[in-house]
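Here is a friendly walk through one chain, written for someone who likes to check geometry against coordinates. Keep the viewer open as you read.

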Amino acid sequence: PNIEPILVNLAAAYRRVGRYEDMLRVAEELVQLMEDAYGEDYGPLSAYLADVALAHALLGRTDEALPVLDRAAALSRAARDNERLGGDDRSYYQLGYVWGAVYYAASDLGGLTRFADEVRHLDLGRAVQFVTNTAWGVEAEYGEDAGVEARRAIGPAVVALARDSDDPEAWRAVKDHYDQFGNLMTTRRDGPGLVALAQEWIQTLRPFGPEATLQANRDIAAHLFRAWPYGGLEPIETVRHEAIPYLLEALAMRERDLGADDTGLVVHLVPLDIAYRHGGRIDEADRYRDRVRSLMEAAMASRRAEVAESGPIDPQRWNSLCWWGALGDVAEVVIDACDHAVAEADDENRAGNRDSRALARLRIGDVEGALDDLRAYVDSRPRGHEQADIRREWIEVLDAGGDPLTVNALASLVF
């Protein structure tokens, strides 16, 4: 029988239960087995050597882990372009994880950034993924506090990879790094840490240009205002108000691009209404809601004129008006758009459009109509479908006489 997967799983099992000496013994046996079969310069050996290095690190023997890790990295480098050596990029995923764990154990956070040199030859997305995996290795093996240190340490390496790239979308790699960092801060319920990270986040993305800056403002606002990306967590109330300046900057940028009367501004105006209203600043909230109402009224008039002149339009354009008008609490303005979106949709989109209309019907107090649409929507989706499961919770709340549209729910729909 092929003993390789058996040994791999056995080493992993020993690791999970903390039997690191046994993990090391099995990992070394696996390395010897592969060397005997394929030779000492076989590229995929890198992943198995990485397990040996990790076992040494978990046993506190970083002086023994580092040379093994160096050999693993050298094998990956040699195998990059050599099919005879089994060369491909997959070994870098495991190597990055272990690299982070070993260098953290050696109290050398700078070592995490050096992994960028190992993967610089790859396309930017994969390179950043593998560098980010060094921080995941630290977090998984040593906890969230260590993970915060690691993510802060690798930030400059991620930025450097993006700046050195000729990809015009390189800033998205930096965005993804900060998204993951923000998620970690949120799960830790570290409000002050999230606020400080936001300031670093925007300053880092601004040099990449206006599109990156706009997206950074939106992402930061989502983290600060919603602050519960995994659903079960309550928001970090103390930092919600910190989202407003980022929302305002994003709005100002879009107004410069689109003008003050473009319907596309609604995606920036609605979160400001919610943020101000939640903070008790009703006059400011009403000002943004009035703008949403005005834009939606103009958009509805434009759509009706277009239909009168040219005939039916794409139902999803109606659905967009329905969704954002409902989120902006001007559902009475867009309810006709909701009906068009449902009636004219094809089978693929009708259930999703009924979900939009359910939100609008809730906003105008039509609970029975909303329940009818919600039930149709969830019946079209399997259990385990994230959005449908949330709507199933809405149905339970409505059946019990409650209101599912809490500020948390609205924030999760907006961002």
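For the pocket described first, residue classes work like this: Ala, Val, Leu, Ile, Met, Phe, Trp, Tyr, Cys and Pro count as nonpolar, Asp, Glu, Lys and Arg count as charged, and the others, Gly among them, count as polar. With those classes, the lining of the second largest pocket has nine nonpolar, two polar and two charged residues. Please bear in mind that this is a predicted model.

**The second largest pocket**

This pocket holds about 270 Å³ of space. Its lining is made of 13 residues, and A12, R15, D51, Q94 and Y97 are the ones nearest its centre. Which helices each supply at least two residues of that lining? They are α1 (4–16), α3 (45–58), α5 (91–105) and α7 (124–142). The largest share, four residues, comes from α1.

**The chain as a whole**

Stepping back, the chain has 20 helices and zero strands. Along the principal axes, its C-alpha atoms fill a box of roughly 75 × 45 × 45 Å. The chain has 415 residues, of which 49% count as buried.

**Aromatic rings**

A pair of aromatic rings is described by the distance of the centres and the angle of the planes. In this model the count comes to seven aromatic pairs. One of them joins Y276 and Y288: the ring centres are 5.7 Å apart and the planes differ by 5°, so the pair counts as stacked, the cut-off being under 30 degrees. Y276 belongs to helix α13 (residues 266–278) and Y288 to helix α14 (residues 282–310), so this pair ties together parts that are twelve residues apart in sequence. Are these two residues buried or exposed? Both Y276 and Y288 are buried.

Elsewhere, W99, Y103 and F115 form one aromatic cluster. A ring also meets a charge in this chain: R391 lies over the face of W394, at 4.4 Å from the ring centre.

**Helix residues and their contacts**

E118 sits in helix α6 (residues 110–119). Its relative accessible area is 10%, so E118 is buried. The side chain of E118 is joined to that of R77 by a polar contact of 2.7 Å.

A78 has its place in helix α4 (residues 62–79). With 45% relative accessibility, A78 counts as partly exposed. What separates the C-alpha atoms of A78 and D41 in space? The distance is 8.1 Å, although the two residues are 37 residues apart along the chain.

**Positive phi in two loops**

Two residues other than glycine are worth a look for their backbone angles: S107 has a positive phi of about 60°, and phi of D329 is near 60°, again a positive value. The table sets out where each is found and how accessible it is.

| Residue | Place | Relative accessibility |
|---|---|---|
| S107 | loop between α5 and α6 | S107: 70%, exposed |
| D329 | loop between α15 (315–327) and α16 (331–343) | D329: 23%, partly exposed |

For D329, the class follows from the cut-offs: 23% lies between the 20% under which a residue is buried and the 50% over which a residue is exposed, so D329 counts as partly exposed. S107, at 70%, is over that upper limit and therefore exposed.

Note on methods
Residues are numbered from 1 along each chain as its sequence is written. This is a predicted model: local features need pLDDT of at least 70, side-chain atom pairs count only at pLDDT 80 or more; totals for chains, interfaces and linings use all residues. Side-chain values use heavy atoms; hydrogens and water are left out. Rings of Phe, Tyr and Trp (its six-membered ring) pair if their centres lie within 6.5 Å; planes under 30 degrees apart count as stacked, over 60 as edge-to-face and the rest as tilted. Buried means under 20% relative accessible area, exposed over 50%, partly exposed in between (1.4 Å probe, protein chains only). A charge sits over a ring if NZ of Lys or CZ of Arg is within 6 Å of the ring centre and within 35 degrees of the ring normal. On a 1 Å grid over the protein atoms alone, a cavity is a set of points where a 1.4 Å probe fits but cannot get out, and a pocket is an open set with protein on both sides within 12 Å along at least five of seven lines; lining residues have an atom within 4 Å of a point. Grid points are joined across faces, edges and corners, and a volume is the space filled by probe spheres set on the points. A polar contact is a pair of N or O atoms within 3.5 Å; within protein, one must be able to donate a hydrogen and the other to accept it, and residues adjacent in sequence count only if both atoms are side-chain atoms.
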